[in-house]
Amino acid sequence: MTNGAVVEQAGRRYETVCTLSGCLFITVRRPAPLYTSPLFLGLLAAGALVGLGLGLIVDGAVARLRAPGRQLRKALTAGDLEVVYQPIVRIADRQRVGAEALLRWRDAQGRTISPEVFVPIAEQDGFVSELTRFVVRRVLDDLATALVENIGFKVSVNISASDLLDTGFARFVARELQRRGLNPACLGFEITERSTAARAAMAQGIQRLRQAGHGVFIDDFGVDYSSLSYLSQLQVDGIKLDRSFITALGDDHTANIVPQIVQMGQVLGVALVAEGVETDGQAAYLASLDPNLLGQGWLFSRPLPADQLFS
Ligand code: C2E
Ligand code: MG
Ligand code: MG
């Protein structure tokens, strides 16, 4: 529809008036000239206002959609993200043997955003590799001295599937460790892969990290696609049993499959970490299954700032 086009219908003449918000048909009344008619001017003004309003609404919506990714990238560039450390203990004697590094982000409004929300944003926007590298550097900066003094203590970092497939990642980690005089064994990686895709490439990525001297753990084991066959194909150092299994233990321990998973871990020779241990009852039951079982959860400690991890 073109602006100013004249349409004749049922003996009446209409003129088309197009604004940002769309086109209107205006009855042409003679002899009054259209462009001076109050109706036309009113409609034109209303159309312009509606168009402007719509434009602002759409602009705002687009900005809101883009904002988290942009804000996160800004925080990352400014080094404005925090890493906290949740201890991993041997359940039987509660000795701290390691910790998991967990990323924290407070956005410009001061709201704490869960990594379960913002890590997928970085994955979708294609900068998760920068995010992971930031975490690796921050962990090593935070804990270098403590890791030299506490031989055997292992810190694990969560990585995404794309980090695992990135052939340069292991080299990057090696450089960062060398720079600080640290042993590769002090740094492990946790992977959560919920798809069956690219399994061969994933297995290669895992082997690259293991050959470089790092432990590799399957995170959230037992949910989605992680299964026995998954485990035998991927050849890892350990599994982290998903929190849902521990929560489901309850008082009656007969109807759960944790003993079978523990046995499977023993047969395969992989370490097992129970995630989300919150009660003494859960801890006692888990320790009775295997004295070497490791655990992580609020019962032992909440995630801590770096300076409290060894105090
Ligand atoms: P995850 O790797 O399985 O980490 C364990 C999550 O469980 C953490 O949540 C931890 O705070 C929480 N948790 C630990 N103990 C308990 C407990 O006893 N009860 C309950 N209810 N929760 C417990 P968080 O820190 O919110 O992290 C959520 C997920 O975000 C992580 O799950 C991990 O998948 C991802 N994530 C965190 N940091 C990073 C990171 O640096 N990089 C990547 N790629 N992912 C990360
Ligand atoms: Mg994890
Ligand atoms: Mg987990």
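A polar contact is a pair of N or O atoms within 3.5 Å. In this predicted model, a polar side-chain atom of Glu275 lies 3.1 Å from an oxygen atom of ligand 1, so the two atoms fall within that cut-off. An oxygen atom of ligand 1 is likewise placed 3.1 Å from an N or O atom in the side chain of Asp220. For Glu278, a side-chain N or O atom is found 2.5 Å from a nitrogen atom of ligand 1. Ligand 1 taken alone exposes 800 Å², and the protein buries 86% of that area.

The space that ligand 1 takes up is the largest pocket. Two or more residues of the shell around ligand 1 come from each of strand 5, helix 2 (115–124) and strand 9 (216–221). Strand 5 contributes the most, with four residues. The shell comprises 22 residues, of which Glu100, Arg104, Asp219, Glu278 and Trp298 come nearest to ligand 1.

Two of these residues, Glu100 and Asp219, are also protein donors of the magnesium ion (ligand 2), together with Asn158 and Glu190. The donor atoms are OE of Glu100 and Glu190, OD1 of Asn158 and OD of Asp219, and they lie 2.0 to 2.2 Å from the ion. Along the chain, the donors follow the spacing E-x57-N-x31-E-x28-D. Distant parts of the chain are linked in this way: Glu100 belongs to strand 5 (residues 95–106) and Glu190 to strand 8 (residues 187–191), 90 residues apart. Both Glu100 and Glu190 are buried. Asp219 bridges the magnesium ion (ligand 2) and the magnesium ion (ligand 3), and these ions lie 4.0 Å apart.

Note on methods:
Residues are numbered from 1 along each chain as its sequence is written. Chains are lettered from A and ligands numbered from 1 in the order in which they are written. This is a predicted model: local features need pLDDT of at least 70, side-chain atom pairs count only at pLDDT 80 or more; totals for chains, interfaces and linings use all residues. Side-chain values use heavy atoms; hydrogens and water are left out. Donors are N, O and S atoms within 2.8 Å of the metal (3.2 Å for Na, K and Ca); water is not among the atoms, so sites may look incomplete. Buried means under 20% relative accessible area, exposed over 50%, partly exposed in between (1.4 Å probe, protein chains only). A residue is near a molecule or strand if one of its heavy atoms lies within 4 Å of it. A polar contact is a pair of N or O atoms within 3.5 Å; within protein, one must be able to donate a hydrogen and the other to accept it, and residues adjacent in sequence count only if both atoms are side-chain atoms. Accessible areas come from the Shrake-Rupley method with a 1.4 Å probe; for residues, only the protein chains shown count as cover. On a 1 Å grid over the protein atoms alone, a cavity is a set of points where a 1.4 Å probe fits but cannot get out, and a pocket is an open set with protein on both sides within 12 Å along at least five of seven lines; lining residues have an atom within 4 Å of a point. A molecule sits in a cavity or pocket if more than half of its atoms lie within 2 Å of its grid points.
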